Amino acid sequence: MALEAYASRNADTVHADVLSEARQACYKARDAFYACLEKESNKTPTEIASVGLLYPSDCKGSRAEFVKHCRASWVKHFDRQYCRNRRVQRLLDDKDSRRGPLTLPQPYTFKPPS
């Protein structure tokens, strides 16, 4: 019942941010921001984005454009996706250093020689 009331109240509204031109502008702003993150990856991140993403202050302008052109839920989704992809890539890059037997700490059962 609530769905019919919502649909009848908003039947003729078109959300401009989901139209093709707005999506393309959002994707361009997103790509520019993440390209800035990759380019400035050697700098210390000082600014906080959504979902705990940190970025350098040099990317503040491209982040503002990204937030301006995209819905908040999309920004959050893209930030999560970027963080997940970075985490997976870091694990894949560390794969070679993690080969071999796993060494566990051994409990001390004997007193070390004095």
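# Exercises on a predicted four-helix, two-strand chain

From the N terminus on, the elements of the protein chain follow the order α-α-β-β-α-α. The model is a predicted one.

## Exercise 1. The chain as a whole

Task: state how many helices and strands the protein chain has, and what share of its residues is buried.

Solution. Step one is the secondary structure, which comes to four helices and two strands. Step two is burial: of the 114 residues in the protein chain, 19% count as buried. Step three concerns the surface, where the protein chain exposes about 9,300 Å². Carbon and sulfur atoms supply 56% of that exposed area. Step four turns to contacts between residues at least 6 apart in sequence, of which 50% join residues at least 24 apart.

## Exercise 2. The disulfides

Task: determine which cysteines are joined by disulfides, and give the pairing in sequence order.

Solution. The criterion is a pair of cysteine sulfur atoms within 2.5 Å. Applied to the model, this rule gives two disulfides.

The sulfur atoms of Cys26 and Cys70 are 1.8 Å apart, and a disulfide joins these residues. Cys26 belongs to helix α2 (residues 20-39), while Cys70 is in the loop between α3 (60-69) and α4 (72-93). The two cysteines are 44 residues apart, so that the pair links distant parts of the chain. Both Cys26 and Cys70 are buried.

The other disulfide is formed by Cys36 and Cys59, with 2.0 Å between the sulfur atoms. Here too distant parts of the chain are linked: Cys36 is in helix α2, and Cys59 is in the loop between β2 (54-55) and α3, 23 residues apart. Cys36 is buried, as is Cys59.

Once the bonded cysteines are numbered in sequence order, the pairing reads 1-4, 2-3.

## Exercise 3. Handedness and exposure

Task: decide whether the disulfide of Cys26 and Cys70 is right-handed or left-handed, and whether Cys83 is buried, partly exposed or exposed.

Solution. The torsion about the S-S bond of Cys26 and Cys70 is about 115°, and therefore this disulfide is right-handed. For Cys36 and Cys59 the corresponding value is -90°, and their link is left-handed.

For Cys83, the relevant limits are under 20% relative accessible area for buried and over 50% for exposed. Cys83 has 22% relative accessibility and therefore counts as partly exposed.

## Exercise 4. Helix α4 and its buried side

Task: compare the span of α4 with the expected value, and locate its buried residues around the axis.

Solution. Helix α4 has 22 residues. From its first C-alpha to its last it reaches 31 Å, close to the 32 Å expected at 1.5 Å a residue. Buried residues in α4 are Val75, Phe78, Asp79 and Tyr82. They cover an arc of only 100° around the axis, and are therefore on the same side of α4. Among the elements covering the buried residues of α4 are α2 and α3.

## Exercise 5. The surroundings of Asp79

Task: establish whether Asp79 is buried or exposed, and which side chain makes a polar contact with its own.

Solution. Asp79 lies in helix α4. Its relative accessible area is 0%, and therefore Asp79 is buried. A polar contact of 2.9 Å connects the side chain of Asp79 with that of Arg63. Setting aside neighbours within four places in sequence, the residues in contact with Asp79 are Phe33, Tyr34, Ala49, Ser50, Val51, Leu53, Arg63 and Phe66.

Note on methods. Residues numbered from 1 in each chain as written. Predicted model: local features only at pLDDT ≥ 70, side-chain atom pairs only at ≥ 80, totals over all residues. Heavy atoms only, no water. Buried < 20%, exposed > 50% of the residue type's maximum accessible area, 1.4 Å probe, protein only. Polar contact = N/O pair within 3.5 Å; in protein donor to acceptor, adjacent residues only side chain to side chain. Contact = heavy atoms within 4.5 Å. Expected span 1.5 Å × (residues − 1). Arc of directions from axis to C-beta. Areas by Shrake-Rupley, 256 points an atom, 1.4 Å probe, with all protein chains shown as cover.
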